[in-house]
Amino acid sequence: MTASSIAIFFAAIFTNNILLSNYLGMCSFLSVSREIKTSVGLGVAVIFVMASTSALNWLVYNYILLPFGLEYLRFIVFIIVIAAFVQLVEMVIERVSEVLYAALGIFLPLITVNCAILGVSLFMVIREYSLLESFTFGLGSGIGWFLAIMAMAGIRQKLKRARIPHGLEGAGITLIITGMMALAFMGFSGMLPIG
Amino acid sequence: MAAPGKLKKTFRDPLGKNNPVFAQILGICSTLAVTNKLENTVIMSLGVLFTTSLSGLTISLIRKWIPARVRMMVETLIIASFVIIVDITLRAYMPEVWQQLGPYVGLIITNCIIMGRAEAFALNNPPGLSLVDGIASGIGYSYVLIVIAFFRELLGTGEVWGFTVLGSWWTNWSIMIMPPGAFFMLAIFIWFVKGMIIKEEEAAK
């Protein structure tokens with residue numbers, strides 16, 4: 001039970017990276033990865049929200065939706081839980097710490113529409129994880145996403161001085177680099193199977 | 001009803017210059033995820049087309065009653081309702097495809113194209129025009145996906161729609177049906193299209 005949670009945690013970071021092998025969270029990945037500082041802010045916010053909402057959604061799904069036979073409503077319910085949670089966290093942070101709010105505040109609304117967050121909750125349902133497994137899966141996926149966006153932000157800083165073919169500037173070159181990162185991460189596959 | 005000129009422009013823009021995928025780089029999560037098989041891609045595209053057009057229409061119809069503060073939530077709920085329709089229909093009639101697409105059907109909700117069109121267009125335009133805009137955005141999205149899926153399936157497995165096209169002499173580029181292939185293929189597609197646009201602009205000068 002705990003062993004499988006640990007395996008899921010590492011698998012979610014490396015072998016089944018949410019961004020590099022499931023393509024989730026690409027929109028904000030492409031637009032935010034221009035600078036390291038903003039990437040860190042968004043990355044931390046994603047880790048936190050992902051870990052919490054996957055556990056929350058597990059509770060909602062297993063204790064409210066399943067007993068009443070309302071599984072088909074899960075899309076709407078998950079989205080509402082995520083939006084409400086993000087809103088709540090934003091208000092709490094604003095009250096508690098101004099420094100933290102200045103650092104993370106602007107990223108929180110962005111997160112509601114980050115497909116990776118909803119994706120984690122949907123994967124958790126499909127793979128029939130337990131509560132602990134869901135939480136570690138969310139946490140691992142968040143860390144994996146953080147790793148990917150950090151690496152990309154670092155590379156893009158160097159890229160500013162590189163000469164790139166005209167048509168590839170911006171999104172094109174970012175996608176190619178992401179592809180190479182995905183290639184590198186494929187080296188981990190087989191280490192920890194997940195499914 | 002809107003002037004025919006505007007209608008035409010609304011329809012044509014998302015297909016070319018303002019394409020949601022390669023010009024605005026929206027909704028690429030699913031572009032990458034479902035394009036390793038042509039059949040899945042076509043079905044996914046139909047789902048997105050259905051959702052963009054009808055959610056555009058619905059949001060436009062009730063746009064005067066949506067309070068500005070909660071409009072994102074209202075839009076999301078409308079979109080989610082249509083996605084649920086797609087999801088249960090697929091599950092009932094094509095269980096195999098439904099299983100392969102997995103969570104990506106549900107992720108149509110967070111597909112930025114639909115949300116983006118709702119925010120940018122349906123909130124300020126009459127229903128007829130919004131419906132056309134939704135359909136055009138859906139088609140603009142679909143044809144990019146189908147082109148990418150065609151090449152990925154062809155190069156990756158030597159097949160198109162499950163039929164063997166390239167003979168036994170063909171060595172499968174299995175990288176094409178794996179994640180990195182998706183990234184490379186989309187990048188090449190963007191490169192190609194952007195190159196053409198740049199050339200056109202230079203010719204116009």
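**Chain B and the core it shares with chain A**

Hi everyone, let's start with chain B, which has eight helices and two strands; these are DSSP runs, H or I of at least four residues for helices and E of at least two for strands, numbered from the N terminus. Please keep in mind that this is a predicted model, where local features need pLDDT of at least 70, side-chain atom pairs count only at pLDDT 80 or more, and totals for chains, interfaces and linings use all residues. Residues are numbered from 1 along each chain as its sequence is written, while chains are lettered from A and ligands numbered from 1 in the order in which they are written.

From the N terminus on, the chain B order is α-α-α-α-α-α-α-β-β-α. Chain B is as compact as a globular protein of its 205 residues, because its radius of gyration, 18 Å, is close to the 17 Å from the globule rule. That radius is taken over C-alpha atoms, and the rule is 2.2 Å times the number of residues to the power 0.38.

In chain B, 48% of the residues count as buried, meaning 20 or more other C-beta atoms, placed from the backbone, within 10 Å of their own.

Now the largest nonpolar core: it has 107 residues, and such a core joins buried Ala, Val, Leu, Ile, Met, Phe, Trp, Tyr and Cys through C-beta atoms within 7 Å. Among the members touching the most others are Leu118(A), Cys29(B) and Phe183(B). Helix H8 (residues 131–159) of chain A gives the largest share, ten residues. Apart from this core lies another, of six residues, including Leu57(B) and Ile135(B).

Thanks, everyone!

Methods. Buried ≥ 20, exposed ≤ 12 C-beta atoms within 10 Å, placed from the backbone.
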